[in-house]
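Dear colleague,

I am handing over the structure we spoke about, and below it you will find my notes on what turned up. Please read them with the model open beside you.

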Amino acid sequence: MAKENTLGLSRNDYKGRKSTLCPGCGHDSISNQIISTAYDLGLEQHKVIKMSGIGCSSKTPAYFLGRSHGFNALHGRMPSVATGALLANRELKAVAVSGDGDTGSIGMGQFKHVIRRNVPFVYIIENNGVYGLTKGQFSATADEGQELKYYGRNDLPAIDLALEAIISGATFVARSFSGDAKQVQSLLQAAIAHKGTAILDIISPCVTFNNNDSSTKSYSYGKEHEIPLHEIQVLAPDYVEGKEEITIGDYAEGEIIEVDMHDGTIVRLKKLDRDHDPRNRMQAISVLEEAQREQLFLTGLIYYEEPRPTVQENENLIEAPLATISEAAMRPSAEKLAEVMASFR
Amino acid sequence: MCAFQAPTSEQASVSSEPVVNDFAFSVATSNGSGSQTSNNVLVQTLFDMGIPVNGKNLFPSNIKGLPTWYTIRASKDGYTARRATTEIVVAYNGATVAEDVAALPPGGVCIIRDDVAKIAPKRDDITVYTVPVKDLMDQADVPSAFAKRVENMTYVGVVAQLFDIPLDMIRTSLVKNFGGKEKPAMMNFAVIQLAYDYFKDNVEKVDPFRFEKMDLTKGKILITGNEAGALGAIFGGVHVVAWYPITPSTSLVDTIISYKHLRKDPETGKSTIAVVQAEDELAAAGMIIGAGFAGARSMTATSGPGISLMSEFAGLAYFAEIPCVIWDITRMGPSTGLPTRTSQGDILFTHYLGHGDTRQFCLLPASPEEAFEFGWRALDLAEQLQSPIFVISDLDLGMNNWMSEPFEYPDQPIQRGKVLDAEQLQQFIADHGKWGRYWDVDGDGVGYRTIPGTDHPMAAYFTRGTGHDEMAVYSENSETWLENMHRIKVKEETGRKLLPQPIEDYDSSKSIGIISFGTNEPAIIEARDWLAREGVETNCMRVRALPLADSVLEFVKKHERIYVVENNFDGQLNQIMRIDFAEHMANVKSLTLGDGLPMAARWVVNSILEHEGK
Ligand SMILES: Cc1ncc(C[n+]2csc(CCOP(=O)(O)OP(=O)(O)O)c2C)c(N)n1
Ligand code: SF4
Ligand SMILES: [Mg+2]
């Protein structure tokens with residue numbers, strides 16, 4: 001018998017349709033991590049919506065969580081569609097997928113504004129440095145000086161989407177590598193618990209157009225050069241409640257950073273080679289600057305801050321989903337209309 | 001020009017007989033000088049006197065300084081169209097005084113500021129009253145910071161005195177205009193009083209114009225179309241409003257914001273409506289489409305430039321079949337065009353908005369009452385037809401004050417269309433063996449949808465702009481593609497019947513028909529009376545939605561000659577008719593204006609008489 005999660009569902013129940021991406025595409029492994037994370041967490045799929053823009057990456061919501069509603073929207077404009085959906089129903093959790101072209105070029109405006117509004121959702125950028133779906137043009141995250149067989153040399157500096165996110169006011173910013181399944185899953189779990197826009201910039205190799213060993217977006221480069229900032233452990237609320245004995249006493253001072261999420265989840269970061277406190281905005285910015293300058297592939301939770309009020313809180317919306325409130329709550333009375341009319345006499 | 005004598009409803013010259021409640025004046029000032037308050041007070045007071053009245057603001061795209069005109073027309077016969085000429089001008093702007101004075105008919109009246117009078121052209125066939133604005137302001141007890149803004153109150157006092165408007169009524173509407181605040185109202189009123197008294201004591205009235213109380217506005221209201229549309233949306237249960245400011249649509253969303261309190265949950269004080277100012281129209285469209293997908297009622301309001309930006313999203317919503325409402329308060333294009341001038345030039349583009357084979361549902365309101373009704377009805381239709389619904393109004397309706405009957409409360413419960421909850425989905429599958437998002441079981445082209453959050457393992461489907469089959473599964477199969485397009489055509493036919501039908505005034509004895517839409521209505525009502533006096537009897541049809549109702553072709557067939565009257569340059573309604581039934585268009589004549597101004601009856605009459613050879 002297949003294994004089951006807390007809802008009595010198997011991992012298969014969290015799958016979607018069969019992927020039509022190139023075999024070996026980094027995006028498929030991210031879909032797999034989403035499936036595993038949702039299965040492990042026992043996510044109720046009917047409470048999840050899957051949002052995306054346009055691109056190979058944006059096709060992937062069809063390939064995971066088959067029991068969740070999904071919306072493959074327009075190129076660069078997933079953020080606005082997600083915003084509308086989450087205003088309509090604030091009980092939904094949105095998992096959104098975009099690409100480096102979808103976010104870093106055509107969608108840069110919506111990317112920054114959705115963060116600024118603090119729409120609570122998981123925003124994954126499957127970053128391969130090229131436009132996969134239109135056959136391999138440079139994207140805005142391609143390295144300066146990089147050469148591609150067909151399109152030649154990229155003379156423009158790369159845009160760092162994690163840095164752009166922090167500057168725009170993001171309260172959860174992480175970078176990862178689609179080849180690092182464990183880290184991707186941990187970060188996904190933390191992002192799902194975050195009550196604000198959670199940005200995951202995941203380097204996800206395009207095996208067809210940008211997988212030369214020399215490319216910093218290739219598998220081999222990622223495998224050899226990834227430097228995780230921490231070892232990440234995410235403790236779900238029920239887990240935390242049940243197991244009081246987990247203490248940080250086992251670790252030396254300064255070895256552990258704990259981040260408390262609003263739903264009781266704890267993200268525990270164990271120090272590796274470098275000192276990085278993601279709660280320090282200046283440190284987060286300088287670590288990204290350093291990574292860009294020194295060509296370091298640093299991954300992990302780069303920046304975290306207590307989230308600001310969400311878009312629904314700022315709108316002072318009722319707790320229930322707007323989409324399903326009663327007619328009485330939607331239409332003021334005839335007496336009210338008469339009052340309004342009298343004021344125009 | 002055709003040879004015609006203007007009948008009484010629009011005089012070419014003024015007789016010396018008393019003229020009561022049947023004349024128009026134009027107020028020429030400069031933008032941002034505070035004249036709007038003066039003009040609103042005059043319109044409100046005439047309305048309170050029971051005299052049918054309209055006020056039209058012809059303003060520049062500028063915050064301060066450029067010339068602006070406001071025309072006020074009183075009509076004992078109830079005509080509310082803009083008048084092409086006015087018998088009276090209030091000339092308070094030196095920059096335009098030459099043209100303002102030249103535009104007066106013989107026998108007209110010029111009320112002029114003394115400093116402007118010095119540079120005004122002289123005419124001996126008009127009456128001139130000079131207002132010593134500086135002297136009056138010197139006597140007034142107005143703090144210097146306000147002096148410039150309050151100056152325009154002098155012409156209110158002069159108009160009241162010359163044309164018999166009771167001062168106490170002016171006072172009442174002034175207080176109302178200041179939201180009940182006595183102090184600023186009285187500061188303004190003191191200036192009105194000074195000007196009134198000065199004219200009473202020093203100036204002899206020699207013109208024939210006078211106002212007299214009537215009772216033709218009893219029970220009516222004065223309101224703009226944008227306010228009406230906003231109230232319609234509030235009473236239509238809109239949940240999510242996303243927008244980006246643009247003239248002339250801004251006041252629609254501003255009004256929604258100011259009535260948000262009507263949609264407060266009484267227990268928690270929290271809101272059942274979200275109003276988000278988006279970063280641009282692309283995002284505004286995305287937000288309402290996301291909200292519609294998730295089961296909410298959503299809308300935006302914009303104008304032509306915003307509609308242009310929304311076109312890709314409009315195509316997506318059309319093809320993915322997502323309910324949402326988009327108001328276009330049309331202004332003059334192409335491009336930035338004349339951003340503060342009215343137009344009916346977006347209907348063709350909006351009707352076909354989106355690349356590929358799209359044909360959008362559009363409603364065409366003509367009055368505040370209809371703007372209110374379409375405000376709530378559009379939200380119903382969007383969910384019933386699972387499609388964007390465009391409401392195409394214009395600057396004239398949206399921003400000018402119109403007399404209106406008070407709005408009628410919606411005469412039907414809210415229509416949420418075909419949405420299955422978990423239980424209904426279970427039943428549907430039991431009854432039909434399966435469920436597919438785009439599966440047309442009823443034969444009306446409209447499938448059953450589920451919304452996110454529905455707790456049923458079969459409820460989910462994938463929304464996309466790419467080719468899909470009736471189960472919402474990706475497909476590039478040609479047959480599947482065509483089947484889907486054919487079904488959407490069936491839905492178009494369903495919509496044709498469900499949308500507001502044309503209003504028809506038909507009498508089989510008449511062989512000439514006029515077809516028009518939207519805010520041309522007042523000009524056409526007046527023009528038909530005028531034409532009848534000239535011996536040209538007409539029938540009339542006002543189209544209220546696109547795609548065109550079947551009765552439009554019937555109306556065309558029933559006449560020897562049809563005039564399609566519209567306020568755009570290219571004859572866009574005429575073109576849409578041509579697309580639908582080109583073979584029946586031989587006797588159809590397109591009459592187009594598109595000069596940026598609300599249509600006046602005189603142009604309609606001239607154009608038709610010319611074609612009728614009279
Ligand atoms: C408005 C618009 N312009 C252009 C395109 C064509 N297009 C489709 S995908 C894409 C780029 C996708 O790149 P990215 O987001 O990096 O996704 P990837 O395929 O690399 O995963 C482009 C330009 C489009 N679909 N829509
Ligand atoms: S082209 Fe690149 S990004 Fe697209 S599916 Fe293939 S490998 Fe993945
Ligand atoms: Mg890419």
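How many aromatic pairs does the structure hold over all chains? Counted over all chains, there are 24 aromatic pairs, and please bear in mind throughout that this is a predicted model.

One of the pairs in chain B is worth looking at in some detail. The ring centres of Phe319(B) and Trp481(B) lie 5.1 Å apart with their planes at 35°, and because stacked planes would have to be under 30 degrees apart and edge-to-face ones over 60, the pair is tilted. Phe319(B) belongs to helix α13 (residues 311–320) of chain B, whereas Trp481(B) belongs to helix α18 (residues 478–498) of chain B, so the pair ties together parts that are 162 residues apart in sequence. As for their surroundings, Phe319(B) has a relative accessibility of 8% and therefore counts as buried, while Trp481(B), with a relative accessible area of 39%, is partly exposed.

Elsewhere in chain B, ring pairs join Phe23(B), Phe25(B), Phe163(B), Phe209(B) and Phe211(B) into a cluster. Aromatic rings also meet charged side chains: the charged end of Lys434(B) sits over the ring of Trp439(B), at 4.5 Å from its centre, and in chain A, Lys50(A) lies over the face of Phe64(A), 5.9 Å from the ring centre.

Chain A also deserves your attention for its metal site. The magnesium ion (ligand 3) has as its protein donors Asp100(A) through OD, Asn128(A) through OD1 and Val130(A) through O, at 2.1 to 2.2 Å from the ion, and along the chain these donors follow the spacing D-x27-N-x1-V. Asp100(A) is in helix α4 (residues 100–104) of chain A and Asn128(A) is in the loop between β4 (121–127) and β5 (130–131) of chain A, so that this pair links distant parts of the chain, 28 residues apart. Both residues are buried, Asp100(A) at 2% relative accessibility and Asn128(A) with a relative accessible area of 4%.

Finally, the domain assignment divides chain B into domain 1 (19–210), domain 2 (223–404), domain 3 (422–498) and domain 4 (503–611). The centres of domain 2 and domain 4 of chain B, taken over C-alpha atoms, are separated by 27 Å, and their contact takes 25 residues from domain 2 of chain B and 26 residues from domain 4 of chain B. Between these two domains of chain B an area of about 2,200 Å² is buried, and carbon and sulfur atoms give 61% of that area.

With best regards

Key: Residues are numbered from 1 along each chain as its sequence is written. Chains are lettered from A and ligands numbered from 1 in the order in which they are written. This is a predicted model: local features need pLDDT of at least 70, side-chain atom pairs count only at pLDDT 80 or more; totals for chains, interfaces and linings use all residues. Side-chain values use heavy atoms; hydrogens and water are left out. Rings of Phe, Tyr and Trp (its six-membered ring) pair if their centres lie within 6.5 Å; planes under 30 degrees apart count as stacked, over 60 as edge-to-face and the rest as tilted. Helices (H or I, at least four residues) and strands (E, at least two) are DSSP runs, numbered from the N terminus. Buried means under 20% relative accessible area, exposed over 50%, partly exposed in between (1.4 Å probe, protein chains only). A charge sits over a ring if NZ of Lys or CZ of Arg is within 6 Å of the ring centre and within 35 degrees of the ring normal. Donors are N, O and S atoms within 2.8 Å of the metal (3.2 Å for Na, K and Ca); water is not among the atoms, so sites may look incomplete. Domain bounds come from an automatic or database domain assignment. Contact means heavy atoms within 4.5 Å. Buried area is the accessible area (1.4 Å probe) that two parts lose on being put together, summed over both.
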